Amino acid sequence: MQEIDIASLTIEEVKNLIVEIGEKEFRGEQIFHWIHGKRIESFDEMTNLSKRLREKLKNNYELNLLSIEEKYVSKIDNTTKYLFSLKDNNIIESVLMRYNYGNTACISSQVGCRMGCAFCASTLGGLIRNLTAGEMAGQIYKIEKDSNIKISNIVIMGSGEPLDNLESILSFIKIINHPKAANIGQRHITLSTCGLVDKIYTLANKNLQITLAISLHGPNDKVRQEIMPIAKKYSIDELLKACSYYIMKTHRRITFEYALINQLNDQEEYAFELADKLKGLLCHVNLIPMNPVKETNFKESNKDTIKKFKEILESKGIQTTVRRRLGSDIDAACGQLRRRYLEMK
Ligand code: SAH
């Protein structure tokens, strides 16, 4: 990886860089547009720049940070799962989901993850490295090009903990949001975190309009601590306090994700306890039927249990949805595809 990764710079940063190397500022804007608007894959295609400048860029920076390693299309719902290889040969995965309100890309923020959630496949091999903003944007560009569609929504819910890589995430949001890039509105971007409380405050103070999703998975510290190491660092009360602060600063509704695991967190008493905990918060709950991972012993809840859990929450005035499972025939969940690929190699 180059020291300065030009595809990870915001438009202001590209302009500054270009001025620093003795060029006119507007060239920076042109370069940003070539990379993020026209999505060219080599500097030679930047035809409105002088040959001399193109050579200079070529000698110092890299483009085309990802290539498609493998691709799987669900026969059930057309969900498409991509395995990308990076310049250092690491593998990441992304998913394209087609909803009637638009196309959603689920992207990875890290290679692997160090959060250690007990039910998640992404964390089994630990954290390899952070992704750069350019590699995050690249996932969107490659999916759009390959599937010949426009992405309207982004969920940062693939492998990795985005708040463990916050600087790059912030650059990524600025880039992808820019009219000369993908022009995807902040309200169409959802960031999911297992609950890094200090970073939730940092994010809240950035005054962005993105949607924050919190992986709660339990109504109290005891249940959360059984499956999520982060719950030993921050109590649920500290976490919910940070959420209130986020809502106060942004006026955005928070999503609480709750993966239902058989006999672990799906008992009715927990639904009541959860409703109590969330009372008065501007939020909604997204129940996720747990996706079985072969390396773990967790089982998904049965349909009736999920239905009952939802009914209890709703009876207490908590808006609740159950996440549809897409691409179940292609391992389209939580790092499973990358793991299987690495095992095969
Ligand atoms: N690290 C972030 C984002 C990536 S995980 C986070 O924790 O939120 C995205 C979501 O998938 C999280 O809610 C996570 O808890 C959930 N998840 C992980 N493994 C899962 C599984 N096997 N079944 C269902 N949901 C899972």
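**Exercise 1.** Which side chain meets that of Glu 144 in a salt bridge, and what is the N to O distance?

*Solution.* The model is a predicted one.
Step 1. The partner of Glu 144 is Arg 39, and the N to O distance is 2.9 Å.
Step 2. The cut-off for a salt bridge is 4 Å, and the pair Glu 144 and Arg 39 meets it at 2.9 Å.
Step 3. According to the domain assignment, domain 1 spans 4–62 and domain 2 spans 67–344. Arg 39 therefore falls within the bounds of domain 1 and Glu 144 within those of domain 2.
Step 4. Between domain 1 and domain 2, the count of salt bridges is four.

**Exercise 2.** Describe the interface of domain 1 and domain 2 by its area, its residues and its polar contacts.

*Solution.*
Step 1. The centres of the two domains, taken over C-alpha atoms, are 33 Å apart. Domain 1 contributes 15 residues to the contact, and domain 2 contributes 15 residues.
Step 2. The size of an interface is often expressed as the accessible area lost when the parts come together. Here domain 1 and domain 2 bury about 1,200 Å² between them, with 58% of it on carbon and sulfur atoms.
Step 3. Eight residue pairs are in polar contact across the interface, both residues being at pLDDT 80 or more. On the side of domain 1 that touches domain 2, helix α2 (residues 25–37) gives the most, with six residues. By class, that side of domain 1 holds five nonpolar, five polar and five charged residues.

**Exercise 3.** Determine which parts of the chain the salt bridge between Arg 52 and Glu 23 ties together.

*Solution.*
Step 1. The side chains of Arg 52 and Glu 23 form a salt bridge with an N to O distance of 3.1 Å.
Step 2. Arg 52 belongs to helix α3 (residues 51–60), whereas Glu 23 lies in the loop between α1 (11–20) and α2, so the pair links parts 29 residues apart in sequence.
Step 3. The whole structure contains 21 salt bridges.

**Exercise 4.** Identify the residues that come nearest to the ligand, and the polar atoms facing its oxygen and nitrogen atoms.

*Solution.*
Step 1. Around the ligand there are 17 residues, of which Gly 160, Ser 192, Ser 215, His 217 and Asn 291 come nearest.
Step 2. A polar backbone atom of Asn 291 is 2.8 Å from a nitrogen atom of the ligand.
Step 3. A polar side-chain atom of Glu 257 is 3.2 Å from a ligand oxygen atom, and a polar backbone atom of Cys 194 is 3.5 Å from an oxygen atom of the ligand.

Conventions:
Residues numbered from 1 in each chain as written. Predicted model: local features only at pLDDT ≥ 70, side-chain atom pairs only at ≥ 80, totals over all residues. Heavy atoms only, no water. Contact = heavy atoms within 4.5 Å. Buried area = accessible area lost by both parts, 1.4 Å probe. Polar contact = N/O pair within 3.5 Å; in protein donor to acceptor, adjacent residues only side chain to side chain. Helix = DSSP H or I, 4+ residues; strand = E, 2+ residues; numbered from the N terminus. Nonpolar A, V, L, I, M, F, W, Y, C, P; charged D, E, K, R; others polar. Near = heavy atom within 4 Å.
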